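This report introduces the secondary structure elements of a protein model and how they are arranged. The reader is invited to consult the sequence and the structure shown here.

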Amino acid sequence: MQHRQLHDGRQDGLVPLESLDLSSVDSTPDLLRGMQRTAFAGRQLGEAFDIALEMFRDSGCRVVLTLSGAMTVAKMGRIICEMIDRGTVQAVISTGALMAHGLTESIGLAHYRYDPGKSDTELFHKGYNRIYDTLEMESNLNEVEELVRTVLTKTEPPGGTWCSSSLCRALGQALDEADSGPGILRSAYRQDVPVFIPAFTDSEVGLDVSTWAMQAALPKEDRDKLTYEEALQAVPPFNPFLDLQHYARLAATAERLGIFTIGGGVPRNWAQQVGPYIDITNHRVGTALAAPRFRYGVRICPEPVHWGGLSGCTYSEGVSWGKFVPPAEGGRFAEVHSDATLAWPLLMHAVFEELDPADA
């Protein structure tokens, strides 16, 4: 019988783990660096801290922040504002719902904790829209619609046609002029950071724009007698391809690209498809443009890989599509399998503490 030669790990270059000693932790960066030497999601978060710092400190890197899930309802909006205000991100790509609920905060309205003793039928009759354990008032969304309608009515879009980024900029300007408090679109306007909503019609703001167009187009009299065919004809002057080309130019002209993703879904994929978009443009159109690839990536999302969905696909999988620089060529990526409301505040608190001057 042949006996195995047992190794202790060090002779093969393995990295030993270290027990987390909280008594030696004096700061949030210290904590995350200690967690980097542990295991599971703690190690993932520690590694994300290291990569996020390098990405944000890289002056030649444009960072794209992609957002999905109910992060503004979950009160993560001020983190987004601070990331924009500090100049750590140069573009934001989001679901429309996340931006709509963020507008609720921006105009001084509140979200509320859900009482499990109330049925969803009762909530509907009271105008309380439930998002997991939180409530968005229907009256809040009506006030957001008033803001959107006012901006659409008073503002001429560039070239006569809206897209999500031009509307978000106009909304941000209106919020800045109103000066009612912090807000994502206000910060984005002030820092000249474009905000893209690729699935625009899948949102309250998208519906606001559609009803504004119908309000302007339909006859004033006897509207209650209109059929679906008659009522649902008007469309707003809105072209999503303006967003696509704007974002592609922004990404393709960057010296290096980074992506910071909360969740997944359309925002994540729309942001990442820019490399393949340029690849197929060269192939089909005959151009010779350099295709951009993301060099850095940090993602916080609890979705597992094995369901096969977009939100769970890995950066490694993205390399096969030409979206990312392979690790062998310098690509650096971290994936944190966690609820973002737990991991994101901790990560960004550590990042901001580390980025601030020592004597601040």
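The sections below treat the sheets, then one helix and its surroundings, then a pair of helices.

The structure is a predicted model, in which local features need pLDDT of at least 70, side-chain atom pairs count only at pLDDT 80 or more, and totals for chains, interfaces and linings use all residues. Residues are numbered from 1 along each chain as its sequence is written, and side-chain values use heavy atoms, with hydrogens and water left out. Helices (H or I, at least four residues) and strands (E, at least two) are DSSP runs, numbered from the N terminus.

**Sheets**

Strands count as paired if DSSP finds at least two bridges between them. The table sets out two sheets.

| Sheet | Strand order | Pairing | Edge strands |
|---|---|---|---|
| Open, three strands | 3-5-4 | antiparallel | strand 3 (112-113) and strand 4 (128-131) |
| Open, six strands | 6-2-1-7-8-9 | parallel | strand 6 (195-196) and strand 9 (332-336) |

In the sheet of three strands, two bridges join strand 3 to strand 5 (residues 134-137), and Y112 has L135 of strand 5 as its bridge partner. In the sheet of six strands, strand 6 and strand 9 each have a single partner strand, so one side of each lacks a neighbour in the sheet. Strand 7 (residues 256-262) and strand 8 (residues 294-300) run parallel and are joined by six bridges; F260 stands opposite V298 in strand 8.

**Helix 6**

Helix 6 (residues 138-154) lies across strand 4 and strand 5, at about 45° to strand 5; axes are lines fitted to C-alpha atoms, for helices over the stretch in contact, and angles run from 0 to 180 degrees between N-to-C directions. The buried residues of helix 6 (under 20% relative accessible area, 1.4 Å probe, protein chains only) are N140, L141, V144, E145, L147, V148, V151 and L152. Seen down the helix axis, these residues fall within an arc of 160°, so they line one face of helix 6; the arc is that of the directions from the helix axis to the C-beta atoms. The face turned away from the buried side carries T153 and K154, which are exposed, that is, over 50%. The buried residues pack against helix 4 (96-106), strand 4, strand 5, helix 7 (164-178) and helix 9 (204-217), where contact means heavy atoms within 4.5 Å.

**Helices 7 and 8**

The axes of helix 7 and helix 8 (residues 184-191) come within 7 Å and cross at roughly 100°. Helix 7 is therefore roughly perpendicular to helix 8, a term for angles of 65 to 115 degrees. Among the residues making the contact are C168 and R169 of helix 7 and L185 and Y189 of helix 8.

Methods
Parallel < 35°, antiparallel > 145°, perpendicular 65-115°, else oblique.
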